[in-house]
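Got your viewer open? Here's a short walk through a few spots worth selecting.

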Amino acid sequence: MWRPTTRATSCPAWCWANARWRSCWRPKAPAAASRPRPKDNKASWDLSGTYALNKDINLYARAATGYRGSSIQSAAAFNGKSVAGPETNTSVEAGVKADLFNRRARVNFGVFTYTVKDQQLTAVGGAGNANILLNADKVTGRGFELDAQALLTNNLLASIGVGYNDTKIKDPTLEVGGCGSGCTMTDPIGPNGGRLINGNALPQAPKTTVNFTLRYSHPTPTGEWYALTDWVYRSKVNFFLYDSVEFTGKALTEGGVRVGYTWSNGKYELAAYGRNITNQIRAVSGIDFNNLLGMINEPRTWGAQFKASF
C-alpha cells in the first residue's frame, strides 16, 4: 500500500495504522518565498542662520543632510535587482531675501549645491521592458533660484521666477540597458554590454526654467474684474538615464490667459481661459522598449468656468 513520504505533524499515530490515515494526512506547506527585508538607519542634521542687514533685507545660509532608506520594487525583479540601497544627500544654500520700494516689491535669490551619495535611480523600458532599481555612486547638482514680485501700479501685479540646476551622474562603471526601439544612443558601450551613463544629467531635469505672470485687476462696487497671463519655459530634457537623439525633449514654452469676474468677496467667479495659447507641441516623455513612441503636451485649449464656494 502507498504511504506518503512525510507525515503531517498533527496526525496521531493511529492514523498510520489503519485505512483512515488518508483523511488526516496533509502535505508539508511550501517554504515561504524569500523577501527583501532591508533595515536602515541614519542620523541627519540641519544648520541654518539668518543675518539682518536692515529691516528690509535678510541674508541666510543653510547646510543640511537628508536621507532616504532602501527602496523595494514590488513587481518581479529583473536580473535580480529588486532593492536599491539607502541614499544620503548633503546640501548647502545661501542667499538674500529683500522687501523693496516700501514693500511694493519682493526679491528672493539663492545659490545652492548638493551631492547625493548612492542616489537611487530607476531604469525603465529598454529592450527587456524592465523596471530596475539602481544606485549611482554619486549625483551632483548646483545652480541658483530667483523669484520676484512687484506691484507695478495699484492694479497691476507682476512676478517672475528663474531657476538653473545643473545635475550630473558621477559613476564611471554604472551601466543601464539601451533602448529596444532602434533609437540613436550616444553613450559608450560598457564592458557588460550596457550603456555607460557617467556624466549624464538626471532624467526630466531641465537646466533652465522660467515663469512669468502679469495680473491686472479693476475693483467694482460688488466685485472685481481681472485679466491674467502666465508663461512657463523649460530647457531641453532627457527622458531616460541614457542619452539618445530621439528620446530628448526639446525646449518648451507654454502660455495662458484668463479673464474673469469675482463677486461676493470671492465666493463666486465666472471666467474664460486659454491654455497653451501658442499651441506649441513637444514630446514630454516616451516609451522605448519596442518603438519610438512619445507622449506630447496638451494642445491649445479654450474654455469657460463658473465657480461657487460654500
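The stops below take you through a predicted model, one selection at a time.

**Stop 1: a surface patch.** Select Tyr51, Leu53 and Leu59 and switch on the surface. Together these residues make a nonpolar patch there, with about 310 Å² of accessible area between them. Now click on Leu59 alone: this residue sits in strand β2, which covers residues 57-68. Leu59 has 34% relative accessibility, so it counts as partly exposed.

**Stop 2: along the strand.** Stay on β2 and pick Tyr67, which is also part of that strand. Is Tyr67 buried or partly exposed? Its relative accessibility is 30%, so Tyr67 counts as partly exposed. Next, show what surrounds this tyrosine. Setting aside residues up to four places away in sequence, Tyr67 touches Asp40, Asn41, Lys42 and Ser44, along with Pro86, Glu87 and Thr88. Try a distance label from Tyr67 to Pro86: the C-alpha atoms are 7.4 Å apart, while the two residues are separated by 19 residues in sequence.

**Stop 3: a loop asparagine.** Jump to Asn276, in the loop that links β16 (268-275) and β17 (283-287). With 3% relative accessibility, below the 20% cut-off, Asn276 counts as buried. What does Asn276 contact, beyond its neighbours within four places in sequence? Select Thr253, Glu254, Gly255 and Ile281, then add Asn297, Glu298, Pro299 and Arg300, and you have its contacts. Finally, zoom in on Glu298: its backbone oxygen lies 2.9 Å from a polar atom of the Asn276 side chain.

Technical notes. Residues are numbered from 1 along each chain as its sequence is written. This is a predicted model: local features need pLDDT of at least 70, side-chain atom pairs count only at pLDDT 80 or more; totals for chains, interfaces and linings use all residues. Side-chain values use heavy atoms; hydrogens and water are left out. Patches are made of residues with over 30% relative accessible area and no salt bridge: like charges are joined within 9 Å, nonpolar side chains (Val, Leu, Ile, Met, Phe, Trp, Tyr) within 5 Å. Accessible areas come from the Shrake-Rupley method with a 1.4 Å probe; for residues, only the protein chains shown count as cover. A salt bridge is a side-chain nitrogen of Lys or Arg within 4 Å of a carboxyl oxygen of Asp or Glu. Helices (H or I, at least four residues) and strands (E, at least two) are DSSP runs, numbered from the N terminus. Buried means under 20% relative accessible area, exposed over 50%, partly exposed in between (1.4 Å probe, protein chains only). Contact means heavy atoms within 4.5 Å. A polar contact is a pair of N or O atoms within 3.5 Å; within protein, one must be able to donate a hydrogen and the other to accept it, and residues adjacent in sequence count only if both atoms are side-chain atoms.
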